[in-house]
Amino acid sequence: MADFNSVTKCVNNIEKEIHLLQTEISNTRDGLGLEDDNLELKKLMEENTRLKHRLEILQSAIAKECGSISSNPSPNQSIIAELQQVFSEAIRKAFPGISVDAVITISTSAKFGDYQCNSAMQIAQHMKQQSIKTTPREVAQKLVGELQKPIPCVDKLEIAGAGYVNIFLSRSFGEQRIMSILKEGIRVPSIEKKRVVVDFSSPNVAKEMHVGHLRSTIIGDSICRFLEFLGHDVLRINHIGDWGTQFGMLIAHLQDRFPNFQTESPPISDLQAFYKESKVRFDSDELFKKRAYECVVKLQSGEPSYLKAWNLICDVSRKEFQLIYNRLDVKLVERGESFYQSRMQKIVDELKQAGFLEADEGRLIMWGEDRAGIPLTVVKSDGGFTYDTSDMAAIKQRLNEEKADWLIYVTDAGQATHFQTIFSCAKRAKILDENRHRVDHVGFGVVLGEDGKKFKTRSGDTVKLADLLDEGLKRAMDKLVLKERNLVLTQEELVAAQESVAFGCIKYADLSHNRNNEYVFSFDKMLEDKGNTAVYLLYAYTRIRSIARNCGGDFANNIQKVIDSTDIKLDHEKEWKLAKVLLRFTDVLLLITKNLSLHHLCEFVYEVCTTFSEFYDSCYCIEKNKQGEIIKVYASRVLLCEATSKVLGKCFDILGLKPVHKI
């Protein structure tokens, strides 16, 4: 596969060269760039002929490779990728020398097939530029003519309108793919595995996590789950604020409030209140402020008693953070600002030595590659370091020490410019190599209250994340009691359902919105049991999971035996419609790989559930008599339900939702 990719890349490069040469030939014929004779034109035309010959050889190699790939489709292969491969090869055969890749889209209506190839217009335009007259429809006819060899996933092709090629999937292909889900489980697409560092959540020590940390934590965790499912080696980093001037005032306040802190654990029950007390003293008491600055110096010089005080304060915060992470089922590796202190001096020395730092009003600054925007402040006028310094140290540590191939930063969209500058400076300093490394800033909009303003408490304070989760639990229980679920569920089942609904609805409400946009936080909306909400999806999943159980026998106790002895048949239109939606799972995964936007997965999950509802309303899975006794089980349909539950279960796992046995 790697050889095939390299050949394809080579072909693309040659096609670009041919295109440039053809432009030069055209210009030369028009007298542009022509000197005394036609030697230049002759040379260009010879080079063009040579490249075309080489292109034909490589295209032949690709044809053989494509044939072997398409004749044995992998059960985890993306249908869109498969079609793009086949149609791109047909374009190269039908229109040699034209560098156009196939454009495959999902059809908007069943009458236009399941997918469409929309490349004919672009090809016709290229041919017009070469003075070849043709129409998009004629291009489409020639393209389909090259597709004489059966395509495993395609039943038929139709040319429609001005030159659209409508693609209808093969039902037998769909039946095979659904059976592979049942027999082999959810398989990941074939992609290159990478070492990925994801930086998310990032609260500050001595400050409570608030709603502003909610999106970073939820989005970051889901991205990690997604990448882990794809098989990447993921390091989840919590870059907490655990260093700086504020620790001087906290240590000084700790010394006064709990003088025995070195031998007795200080009973700090409310670290936020403790922080506020120290801040008041810092702002109003000059002697205290002076002591606080002295404490910072002693902490940074590594004096043991000050390091112990710092560790005590960090531990109190760490335990409070962990309570939140446990409730949200989020796992992180802590790497605070303190971790990079020794590395910061090294990066400053390296940047100085390489001549990247410039003096600016007492500061040392660094510009990115194009000297646009705002430069980094690497060293302050007082000699201190900044967030810019630690971010440069962090990016180098992650690439060099952690051996990362891919860095992802999950923060609010307001930091986009900062990260653009960081990445640009890292490229300029040769720390970051675009050919070897991928970097993404995953930005997101703010959370709004139902009044459309930034989400605050009634008193105008920032909403504490712990309070928000508590409110979610209360609202979820109220909803379950209103539905009288407390009368049919055991206490243990009720609590499990409460947590599933409460935390699931908070996560899903966040992830289901395009992360680049703001969204309104409303418990009333997210707890509705209709529409695109976690409650509706969790309920649908639980119902789907119960179908095989309600069939009894092997369906309930040995579903693998049923799978081994049954062939799925997708005869009914609603069965086929549901199967086609399930088969798009890999396409959705590859789309998210490109843009790291989880709302695509949420849209997919909702479509699966609504399409399943159509199927279930139209197709009996279990037939009963008037006495409620089972007289017939439609095994193929029950297995389609099982395949649906497998796909949904994996989606829920990526989204961080925890479905329950009963709800």
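Helices and strands are here DSSP runs, a helix (H or I) having at least four residues and a strand (E) at least two, and they are numbered from the N terminus. The model described with these names is a predicted one.

## The four-stranded sheet

Strands of a sheet pair through backbone hydrogen bonds, either parallel or antiparallel. In this structure, an open sheet of four strands follows the order β1-β2-β4-β3, and its pairing is antiparallel. The edges of this sheet are formed by β1, with residues 104–106, and by β3, with residues 154–160, each of which pairs on one side only. From one strand to the next, the twist averages 25°. Helix α5, which covers residues 136–145, packs on this sheet and touches β2 (115–117), β3 and β4, while its direction makes about 160° with that of β3.

The pair made by β3 and β4 can be followed residue by residue. Six bridges join β3 to β4, which covers residues 164–169, and the two strands run antiparallel. Along this pair, Leu 157 stands opposite Ile 167 in β4, and Ala 160 stands opposite Tyr 164 in β4. The hairpin of β3 and β4 has three residues between the strands, and in this hairpin Gly 161 takes a positive phi near 55°.

## The three-stranded sheet

Another open sheet is formed by three strands in the order β8-β9-β10, again with antiparallel pairing. Because β8 (358–360) and β10 (376–379) stand at the edges with a single partner strand each, one side of each is left without a neighbour in the sheet. Neighbouring strands of this sheet are turned by 50° against each other on average, if direction is ignored. Three bridges join β8 to β9, whose residues are 363–366, and these strands run antiparallel; in this pair, Ala 359 stands opposite Leu 364 in β9.

## A pocket between two domains

Rolling a probe the size of a water molecule over the atoms shows where empty space is left. The second largest pocket of this structure has a volume of about 1500 Å³. Its lining is made by 45 residues, and those that lie nearest the centre of the pocket are Asn 204, His 239, Gly 241, Glu 337 and Tyr 387. Several elements give two or more residues to this lining, among them α10 (286–300), α12 (341–353), α13 (387–401) and β11 (406–410). Helix α7 gives the most to the lining of this pocket, with five residues. Where does the second largest pocket lie with respect to domain 3 and domain 4? Domain 3 (195–241 + 337–448) and domain 4 (245–334) both give residues to the lining, and therefore the pocket lies between them.

## A cavity that also involves α7

The structure holds two cavities of 30 Å³ or more, and the second largest cavity has a volume of about 40 Å³. Its lining includes Arg 215, Ile 219, Asp 510, Leu 511 and His 513. The elements that give two or more residues to the lining of this cavity are α7 and α16, the latter covering residues 491–511. The table sets out the linings of the pocket and the cavity by class of residue.

| Space | Nonpolar | Polar | Charged |
|---|---|---|---|
| Second largest pocket | 14 residues | 21 residues | ten residues |
| Second largest cavity | three residues | three residues | three residues |

Methods. Residues numbered from 1 in each chain as written. Predicted model: local features only at pLDDT ≥ 70, side-chain atom pairs only at ≥ 80, totals over all residues. Heavy atoms only, no water. Pairing = 2+ DSSP bridges. Axes fitted to C-alpha atoms, helices over the stretch in contact; angles between N-to-C directions. Contact = heavy atoms within 4.5 Å. 1 Å grid on protein atoms, 1.4 Å probe; cavity = no way out; pocket = protein on both sides within 12 Å on 5 of 7 lines; lining within 4 Å. Points joined across faces, edges and corners; volume = space filled by probe spheres on them. Nonpolar A, V, L, I, M, F, W, Y, C, P; charged D, E, K, R; others polar. Domains from an automatic or database assignment.
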